[in-house]
Structures are given as structure tokens and as C-alpha cells.
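Hi there,

Here is the structure I promised to pass on. Have a look at it first, and then read my notes underneath.

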Amino acid sequence: MDTNTASDVDYLTQVEQVACKAVREAGDLVSSRFGGNLHVNAKDQAGRDLVTDVDRESQQLISEYLNHSFPEHLVIGEEDPDCDEHIAPDWIWAVDPIDGTVNFANGLPVYAVSVGALYRGTPVAGAIWTGLPGSAGGNVFHARRGAGAWNGKNKLGVMNVTNGGLPSPSSIVALPSTLHEGYRIGSELRRYMGGSRTLGSVAFELCMVASGVLQYAISGPANSWDFAAGSLIVSEAGGLSLALDSRGCWHKLETFAQPYVHDFETSKNIRSWLRPVISGPAATTNFISKNLRPKTRSLSRVVRQTLRL
């Protein structure tokens with residue numbers, strides 16, 4: 001059993017460095033295949049949830065690197081087989097080999113590779129690769145708990161907000177296309193929503209929030225591997241992420257498993273975690289949460305309704 005904890009600064013620094021290396025190598029692979037011939041399949045009957053051969057190759061590359069670097073850790077990812085369950089150790093990596101596969105498969109360069117390290121269910125280090133211009137081979141956004149958030153060597157910060165955090169009409173924000181169907185939107189939010197965009201990649205959205213490009217993002221419902229790295233990056237950039245709980249209320253996203261027990265159920269719960277999340281500057285995120293209520297108080301119904309639309 002790995003006896004290193006998240007309070008060990010040297011060990012946590014090593015974890016962050018490995019996360020950066022993993023997404024950099026996977027990003028090189030994924031970008032080299034962008035716009036080329038792909039083997040594309042649908043994972044759902046509606047044909048909306050796509051997977052490509054590059055998703056699987058990227059996950060294999062990341063998993064092998066993480067397993068070699070930290071053999072005592074557990075790696076879970078979006079492309080794991082459904083039956084792949086293990087007893088939860090202290091350290092679990094949540095991997096999204098391509099976040100935004102539909103964009104990637106259709107030739108839209110808005111996608112990411114995300115790797116987040118969880119210590120007893122809590123995000124403590126992570127990295128996200130994007131193909132944004134400005135750096136040869138793409139950009140690596142990364143963070144570890146208590147050390148700030150970075151794009152390479154450039155420190156990140158969420159947007160500076162005034163007026164109680166009300167979204168500015170001139171700022172851009174990321175919203176799901178199904179927002180109006182799944183939520184009751186308060187009158188203040190209708191007036192101060194900002195310029196809405198639908199990007200199609202949670203990890204990409206969270207990097208833009210952490211960079212101050214987006215004032216806020218309402219993302220998902222999405223899985224633990226979509227948020228494991230990005231929620232930490234937003235937090236370390238001075239922002240706040242709130243997830244919808246089982247009662248239909250917004251609460252700070254701090255863990256993907258509570259309580260944390262070293263058993264099969266814990267790893268299964270992290271793998272099956274699926275929720276909407278609001279991310280942005282704290283004042284803005286709190287304003288959004290007070291003016292956004294699901295049309296049903298059951299989280300499972302919110303998720304089913306949103307995914308069906």
C-alpha cells in the first residue's frame with residue numbers, strides 16, 4: 001500500500017509533474033491524429049456519445065505511464081470496460097483521454113486531454129492538455145493543491161468581477177444547450193447571463209474559466225474524469241466549483257466519494273459520479289447557484305432528463 005499522503009509536498013509535486021508529462025504525451029498523440037482517418041463508434045443508441053480509436057490509444061498511453069510511475073495507485077478512465085472494478089486505494093487517477101470526442105471526430109479543434117489525481121476522493125493534482133495556439137505542441141494547464149494554477153509557467157487567475165459577481169453582458173460564458181429545458185432560471189440570471197457559448201468539452205471550459213477567458217461555465221452532467229483536474233485548476237486559480245447534490249441543491253465540489261472507504265463500492269462510485277457543475281469566480285458562482293434550480297429535485301432525474309434532450 002502506498003503510504004505517501006497529499007500532505008507530502010515533494011510527493012505531491014511529483015504527482016503533478018507526472019500528470020503534466022502524461023497529458024503532454026497523450027496530447028502529442030491525439031493532435032497527430034486530428035483531422036485524419038479515424039475509427040468512430042457510438043456508445044449509445046442515439047449516436048451522440050462517440051468513441052474513436054484515438055480515445056482508446058490515448059487512454060492506454062496514459063494508463064501505462066501512470067501505472068509505471070505509481071504502481072500502487074488505481075487508474076480509472078472513460079474508456080474502461082464496465083466490469084473493470086477494483087478496491088479503492090488512497091490514490092486514484094481519473095483520466096479522460098479525449099474530452100470533447102464529438103468535436104475531435106468532426107474536426108473542431110476544441111477538445112482536451114485531462115488527468116486528475118484524487119487522494120481519498122479529493123482532487124489534489126492534475127493537468128489538462130489543450131491544442132490552443134501560443135505554445136508548440138499545445139498548452140498544459142496544471143495545478144496541485146496549495147500551489148496555484150498554471151499554463152506552463154504562466155500563473156492563472158479567474159476573471160476579476162465587480163457588481164456582486166453579476167455576469168457582465170460583454171463577457172462570454174459556457175452553457176449547455178439544454179439549460180432552459182432542465183432548469184428554472186431566475187429573473188436576475190436571465191438579465192445578467194452573459195454572452196453564451198456551448199463548447200462541447202468540460203475540461204476545455206474549466207481551463208478557460210481558470211484563465212479568465214470565460215466568466216463562468218455551467219458544465220455537464222459529466223463524470224469524475226471530466227472534472228477531476230479542471231475543478232482543482234479553477235480552485236487554485238481563485239475560483240469556485242459547485243456541484244448539484246442528490247437533493248437538487250448546489251454544494252462546493254470537494255470530493256468524488258464521501259465517505260471514503262477502501263472497497264469496491266468507493267471506486268465504483270467515483271467511476272459512476274455524474275453531475276452538473278457551476279464554475280467561476282466565487283461571487284459569480286454563488287449568484288448563478290441562487291438563480292438556477294433544476295425542474296426536478298431528484299439528481300437522477302435531472303441527469304436523465306438532460307442527457308435525453
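**The second largest pocket**

Helix 8 gives more residues to the lining of the second largest pocket than any other element does, with four of them. Before you go further, keep in mind that this is a predicted model. The pocket has a volume of about 460 Å³, and 21 residues line it. If you want to find its centre on your screen, look for Thr255, Phe256, Gln258, Trp273 and Arg275, the lining residues that lie nearest to that point. Besides helix 8 (264-272), strand 15 (250-252) and strand 16 (274-281) each give two or more residues to the lining. What classes of residue make up the lining? It has nine nonpolar residues, six polar ones and six charged ones.

Gln258 is worth a second click: the peptide bond that joins it to Pro259 is cis, with omega at about 0°. Pro259 sits in the loop between strand 15 and helix 8.

**Two helix pairs**

Two packed helices are described by the angle between their axes and the distance between the axes. I have those values for two pairs here.

Start with helix 1 (residues 9-33) and helix 2 (residues 53-69). Their axes come within 10 Å and cross at roughly 155°. Are they roughly parallel or roughly antiparallel? Angles over 145 degrees count as roughly antiparallel, so that is what helix 1 and helix 2 are to each other. Their crossing is right-handed. On the helix 1 side, the residues that meet helix 2 include Val18, Ala22, Leu29 and Arg33. On the helix 2 side, Val54, Leu61, Ile62 and Tyr65 are among the residues in the contact. By class, this contact has ten nonpolar, two polar and five charged residues.

Now for helix 6 (residues 202-210) and helix 7 (residues 224-236). The axes of helix 6 and helix 7 come within 9 Å, and they cross at roughly 0°. Angles under 35 degrees count as roughly parallel, so helix 6 and helix 7 are roughly parallel to each other. Val202, Ala203, Leu206, Val209 and Ala210 are the helix 6 residues in this contact, and they meet Asp226, Phe227, Gly230, Ser231, Ile233 and Val234 of helix 7. Eight of the contact residues are nonpolar, two are polar and one is charged.

**A few backbone details**

There is also a cis peptide bond from Gly220 to Pro221, with omega near 10°. You will find Pro221 in strand 13 (residues 214-223).

And which loop holds Arg120? Arg120 is in the one between strand 5 (112-119) and strand 6 (122-130). Its phi is near 50°, a positive value in a residue other than glycine.

Have fun with it!

Methods. Residues are numbered from 1 along each chain as its sequence is written. This is a predicted model: local features need pLDDT of at least 70, side-chain atom pairs count only at pLDDT 80 or more; totals for chains, interfaces and linings use all residues. Side-chain values use heavy atoms; hydrogens and water are left out. On a 1 Å grid over the protein atoms alone, a cavity is a set of points where a 1.4 Å probe fits but cannot get out, and a pocket is an open set with protein on both sides within 12 Å along at least five of seven lines; lining residues have an atom within 4 Å of a point. Grid points are joined across faces, edges and corners, and a volume is the space filled by probe spheres set on the points. Helices (H or I, at least four residues) and strands (E, at least two) are DSSP runs, numbered from the N terminus. Ala, Val, Leu, Ile, Met, Phe, Trp, Tyr, Cys and Pro count as nonpolar, Asp, Glu, Lys and Arg as charged, and the others, Gly among them, as polar. Axes are lines fitted to C-alpha atoms, for helices over the stretch in contact, and angles run from 0 to 180 degrees between N-to-C directions. Angles under 35 degrees count as roughly parallel, over 145 as roughly antiparallel, 65 to 115 as roughly perpendicular and the rest as oblique. A crossing is left-handed if the near helix is turned anticlockwise from the far one by less than a right angle, and right-handed if clockwise. Contact means heavy atoms within 4.5 Å.
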